[in-house]
Amino acid sequence: MNCPQCQGEVLDIDVKCGHCGAALGATGAHRMLGQVVLGTYELVDVLGQGGMSVVFKARHKLTDQEVALKILPPELAANSQVKSRFLEEAKALAALDHPNIVHLYNFGQENSSFVLAMQFVAGKTWERQILENRRLEWRASTRIAVDVLKALEYAHGRGVVHRDMKPSNVLVRAHDATATVMDFGIAKMTTSTRLTATGQTMGTVRYMSPEQVRGQEVDLRTDIYSLGATLYESLVGDTPFDGTTHFEIMTKHLSEAPKRPSALGVEVPGQIEDALMRSLAKRPDDRFETARDMRRILEASLREGDVGLVETQRFGRDAVAELRASPRSSAPPPARPATSLADLLEPSEPVSKSRRRPRWPWLVLGVVILASGASVGYVALTRTHRYVSVAHVDGVELTAGKHFGPVLVETDGRVSPDRAYALLEATIEAFRAAVKDAPVRPDLIEHVIVLPQAMLCQPKLYPGQQPPRECATALGEVTFGANSSRRLLVADDTARLQDAMRAGLVQAVCVFQPANRDAEQVDKICDAAKQFAPH
């Protein structure tokens with residue numbers, strides 16, 4: 001974008017033009033320059049503006065010390081939740097004293113506004129460096145990550161989890177490139193339950209861990225995941241997952257594996273790439289147990305300073321030995337599926353990327369007995385990789401099946417059961433957030449079958465019923481299967497899978513209603529649900 005005053009090139013995150021100094025966007029903050037806050041600090045410049053606060057550069061009237069003042073305006077300070085978040089940041093910063101964490105000097109109120117007086121760091125945010133350079137060279141990226149890990153290691157040791165690690169929350173000094181972590185605005189202190197209730201989603205979606213997306217409680221491994229997403233962006237020039245809506249990005253955090261930087265043509269030592277991918281594991285148990293474990297590997301790679309071929313280094317003696325020396329260093333097992341999503345998800349366009357199907361081991365693993373409500377089936381994993389399905393469909397082989405609690409998911413292999421289940425859970429949570437008058441029971445669907453669209457009309461799938469008239473063109477249908485199990489039939493069109501889930505869920509909400517609910521109530525629920533149907 002360009003400055004409206006001088007037409008010089010500026011970034012979206014700029015609050016003023018670097019060429020002519022003109023204010024960009026709202027000018028209310030700039031009108032405050034020259035005012036004295038807390039009786040001590042004179043506001044001299046605007047450093048940044050966010051949805052909750054404005055950050056000023058200020059000067060101490062007596063000592064001329066430069067500080068950064070974060071000011072929460074009165075209209076937001078009156079909001080109890082925003083006020084709690086702001087106070088939580090002050091408490092978190094007051095408990096921390098580390099060279100890689102911004103220092104808190106003072107805290108107080110000014111005309112109903114809350115004010116944090118913090119250390120002023122002369123430099124640029126990690127975000128700005130990435131935007132200005134497209135991406136950073138691996139050594140520079142790794143050095144910044146090491147400093148951040150030092151800060152996290154210290155904070156975690158004192159019971160503080162940042163919960164909002166992202167490049168805009170890391171300042172890099174101009175004179176020595178030292179990184180400093182700031183903005184503990186949604187930090188979790190282990191001695192406090194405020195702002196940490198299960199079900200709340202906090203953070204920034206591009207850097208959110210899967211457990212944050214689900215609204216679950218988090219621990220220090222959430223910070224490791226978010227730092228991994230930040231380091232990935234610094235190395236590659238883009239975050240691990242992208243999309244047009246929050247919903248789409250959050251779904252990918254749950255169900256898609258990030259591409260390795262080397263697969264994108266980015267030259268990174270294999271040791272660093274392995275550490276990066278481990279930090280982005282879906283399951284917290286598969287990530288580094290501590291920030292120190294990750295920091296040691298990155299520091300070792302910096303000392304070696306040899307890029308080489310990524311593939312050679314990945315399987316080289318040094319990289320393997322270093323990874324084996326750290327806890328839980330074995331290759332992570334397949335990610336567990338989502339169990340729930342946060343309450344605030346917005347509908348999105350279909351997710352176009354599908355996960356690569358896992359290879360079954362050639363060994364005979366035997367027979368696994370699976371139960372789905374009252375229905376029982378079995379999975380035989382053999383040299384021929386055949387899966388024997390519960391839902392017998394003529395003309396199509398359901399080659400993959402998996403239980404997720406009481407839900408059985410069977411697919412024809414074009415879509416993995418893990419992805420299908422994660423998308424179902426995401427769709428249910430998005431529905432709950434969007435359609436308040438049409439509640440969804442946790443046990444609404446017991447059996448999901450993903451198969452070619454042409455098979456949706458097969459009479460065998462509708463025992464004791466006639467196939468719906470619209471099934472020839474439908475993406476999703478519902479039916480009662482064996483033993484009255486509640487089935488969701490979904491077309492395996494990967495480009496429209498999300499639409500299929502939405503269409504099927506709308507039908508399920510209408511059809512799978514309790515028997516004691518009268519027709520008028522059901523009609524009302526159905527009418528409310530229809531607004532969620534794909535267009």
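The buried residues of helix α8 are Gly270, Gln271, Ile272, Glu273, Asp274, Ala275, Leu276, Met277, Arg278 and Ser279. Because ten of the ten residues of α8 (residues 270-279) are buried, this helix is largely enclosed by the rest of the structure. The model is a predicted one, and the description that follows begins from this helix and then turns to the chain as a whole. One residue of α8 also takes part in a contact with an aromatic ring: Arg278 lies over the face of Phe288, at 4.2 Å from the ring centre.

The chain comprises 14 helices and 18 strands. It has 535 residues, of which 53% count as buried. About 24700 Å² of the chain is exposed, and carbon and sulfur atoms supply 50% of that area. When contacts between residues at least 6 apart in sequence are considered, 61% join residues at least 24 apart.

Two of the sheets may be taken in turn. In general, strands of a sheet pair through backbone hydrogen bonds, either parallel or antiparallel. An open sheet of six strands runs in the order β1-β2-β3-β4-β6-β5, and its pairing is antiparallel. Its edge strands are β1 (36-37) and β5 (104-110), each of which pairs on one side only. The partner of β5 is strand β6 (residues 113-119), and the two pair in the antiparallel sense over six bridges. Within this pairing, Gly108 has Val115 of β6 as its bridge partner.

The second sheet is also open and has three strands, in the order β7-β9-β10, with antiparallel pairing. Here the edge strands are β7 (123-125) and β10 (179-181), and each pairs on one side only. From one strand to the next, the twist averages 30 degrees. Strand β7 pairs with strand β9 (residues 170-173) in the antiparallel sense over three bridges, and Gly123 stands opposite Arg173 in β9. Helix α3 (residues 126-133) packs on this sheet and touches β7 and β9, its direction making about 85 degrees with that of β7. Helix α4 (residues 138-157) likewise packs on the sheet, but touches β9 and β10; the direction of α4 makes about 40 degrees with that of β10.

Aromatic side chains provide a further view of the structure. The count of aromatic pairs comes to four. One of them is formed by Phe107 and Phe114, whose ring centres are 6.0 Å apart and whose planes lie at 10 degrees; since planes under 30 degrees apart count as stacked, the pair is stacked. The two residues can also be described by their accessibility. Phe107 is partly exposed, with a relative accessible area of 31%, whereas Phe114 is buried, with a relative accessible area of 6%.

Phe404 and Tyr421 form another stacked pair, with ring centres 4.4 Å apart and planes at 5 degrees. Phe404 lies in strand β14 (residues 400-404) and Tyr421 in helix α12 (residues 417-434), so the pair ties together parts that are 17 residues apart in sequence. Phe404 is buried at a relative accessible area of 6%, and Tyr421 counts as buried at 9% relative accessibility.

Two single residues show how positions distant in sequence are placed with respect to each other. Leu254 has its place in helix α7 (residues 246-255) and counts as buried because its relative accessibility is 3%, below the 20% cut-off. The C-alpha atoms of Leu254 and Arg283 are separated by 9.6 Å, although the two residues are 29 residues apart along the chain.

The other residue is Gly476, which is found in strand β17 (residues 476-480). At 2% relative accessibility, Gly476 counts as buried. Apart from its neighbours within four places in sequence, Gly476 is in contact with Leu456, Leu489, Ala500, Gly504 and Gln507. The C-alpha atoms of Gly476 and Arg502 are separated by 8.0 Å, the two residues being 26 residues apart along the chain. Arg502 in turn has its charged end over the ring of Phe532, 4.4 Å from the ring's centre.

Note on methods: Residues are numbered from 1 along each chain as its sequence is written. This is a predicted model: local features need pLDDT of at least 70, side-chain atom pairs count only at pLDDT 80 or more; totals for chains, interfaces and linings use all residues. Side-chain values use heavy atoms; hydrogens and water are left out. Helices (H or I, at least four residues) and strands (E, at least two) are DSSP runs, numbered from the N terminus. Buried means under 20% relative accessible area, exposed over 50%, partly exposed in between (1.4 Å probe, protein chains only). Contact means heavy atoms within 4.5 Å. Rings of Phe, Tyr and Trp (its six-membered ring) pair if their centres lie within 6.5 Å; planes under 30 degrees apart count as stacked, over 60 as edge-to-face and the rest as tilted. A charge sits over a ring if NZ of Lys or CZ of Arg is within 6 Å of the ring centre and within 35 degrees of the ring normal. Two strands pair if DSSP finds at least two bridges between them. Accessible areas come from the Shrake-Rupley method with a 1.4 Å probe; for residues, only the protein chains shown count as cover. Axes are lines fitted to C-alpha atoms, for helices over the stretch in contact, and angles run from 0 to 180 degrees between N-to-C directions.
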